[in-house]
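Got your viewer open? Let's take a short walk through this structure, one selection at a time.

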Amino acid sequence: MTAGTEAVAALFGRAFGSAPAGFWRAPGRVNLIGEHTDYNDGFVLPFAIDRATTVAVTLRDDSRIRLVSTFDGVVVESDLDRVRRRDFDGWAAYPLGVLWAIGEHTGRAPERGFDVAVDSDVPVGAGLSSSAAIEMAVAVALNDLLGLGLTRADLARIGRRAENIAVGAPTGIMDQSASVFGQADAAVFLDCRTLAVEQVPLGFDAAGLVLLVIDTKVEHQHATGGYRDRREACERGAAAMGVPALRDLTIDDLPRAQQHLDPVTYRRVKHIVTEDARVLASVAALKAGDLHRFGTLMDASHVSMRDDFEISVPQLDAVVETAQAAGAIGARMTGGGFGGCAIALVHAQDAEPLAERVRQVFADHGWHEPVPFTVRPSDGAGAV
Ligand code: ADP
Ligand code: MG
């Protein structure tokens, strides 16, 4: 048994009284650059992190399904018929949603139930996509056990579908793509229009770099409204510019956009157009091994989100400024905005001093204590 499977194996034994057929794992993710570009048919550059969800699974000979998580140790019961009717709720909606989406995708509902135990060290709700991790861990397990022969791209689509029906939100496919296509020391460059994926070597290991994530613990109540408002502004901007999506505009179109659009819509459009360009420039810089160029693009991304897209908050700005003052290669807020996490690319030995400095700055302001931790770009989902 490898490290990481003990807890889930023990839980499986306690809950179901047997040993599982196997173990599968899928990581969470962090987005390096490319924010709010996904729903504009643009580009994102996440990587799979070294924190994952592990599942222990056994197929059953009947139609029952039993699920248990180390989160609460309570066994949840379901069956294939309820899954077909999409009758599920709570956390089990994620794994059961995956089963439902597999049936929809393959045109053939699975005929065997299963027992699954789940353990995870991806923090929930910290912007690292614990939801995609649980979806993709279950998806790779069922793909193997049922011999479905689904591709990684299929599994990502199935996970998105599961999340859409599990939580009823029209989320994109970045999280699932990062979780299945991740590679050690590489980022996942995703074209959100074509869904084309390319792994881009990061070279963090050779350069002695780690990514420090700082969860500001700020949860803004306008996060949902702000997200909807930004989406609408982007749709408005694209319509006014006569393109299907902002992805279809380039930097050269910006002077024309400025003439046509009201100042606020223009700033929203400008962020998306420049952010897409920054993702492409980041991929080029990384391929050329120019990490400092990549760092300046991270910094510029933050300025764009702060000033043009206006989705930062003082805590995120403070992390970024503190990181930059401490000599980080680059720093920016990450995620939807109005709170959540900021990231800083730093030399490994600088991570802890920077984390301490950020804690101090937050204490000086009387802000909630932030939670810093480092992540490394790691392999995507698979059997353990
Ligand atoms: P995140 O940003 O972490 O993806 P979400 O709200 O999208 O946050 O998803 C978190 C939800 O995913 C949890 O509330 C829970 O329902 C489910 N989940 C994630 N990991 C686990 C786990 N190990 N066990 C049970 N449920 C989990
Ligand atoms: Mg999620």
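Start where two parts meet: 29 residues of domain 1 are in contact with 44 residues of domain 2. Keep in mind that you're looking at a predicted model.

**Stop 1: colour the two domains.** Select 3–199 and give domain 1 one colour, then select 202–375 and give domain 2 another. If you mark the centre of each domain from its C-alpha atoms, the two marks sit 27 Å apart.

**Stop 2: look at the surface between them.** Switch on a surface view for both domains. About 2,900 Å² is buried between domain 1 and domain 2, and carbon and sulfur atoms give 64% of that area.

**Stop 3: hunt for charged pairs.** There are 4 salt bridges between domain 1 and domain 2. For a salt bridge to zoom in on, select aspartate 191 and arginine 247: their closest N and O atoms are 2.9 Å apart. Widen the search to polar contacts and you get 19 residue pairs between the two domains.

**Stop 4: find the strands on the domain 1 side.** Which strands each supply at least two residues of the side that touches domain 2? Select 22–33 for S1, 43–59 for S2 and 186–191 for S6, and you have them. Now stay on S2, which brings the largest share of that side, with 7 residues.

**Stop 5: colour by residue type.** Keep the side of domain 1 that touches domain 2 selected. You'll find 15 nonpolar residues there, along with 6 polar and 8 charged ones.

Methods. Residues numbered from 1 in each chain as written. Chains lettered and ligands numbered in written order. Predicted model: local features only at pLDDT ≥ 70, side-chain atom pairs only at ≥ 80, totals over all residues. Heavy atoms only, no water. Domains from an automatic or database assignment. Contact = heavy atoms within 4.5 Å. Buried area = accessible area lost by both parts, 1.4 Å probe. Salt bridge = Lys/Arg side-chain N within 4 Å of Asp/Glu carboxyl O. Polar contact = N/O pair within 3.5 Å; in protein donor to acceptor, adjacent residues only side chain to side chain. Helix = DSSP H or I, 4+ residues; strand = E, 2+ residues; numbered from the N terminus. Nonpolar A, V, L, I, M, F, W, Y, C, P; charged D, E, K, R; others polar.
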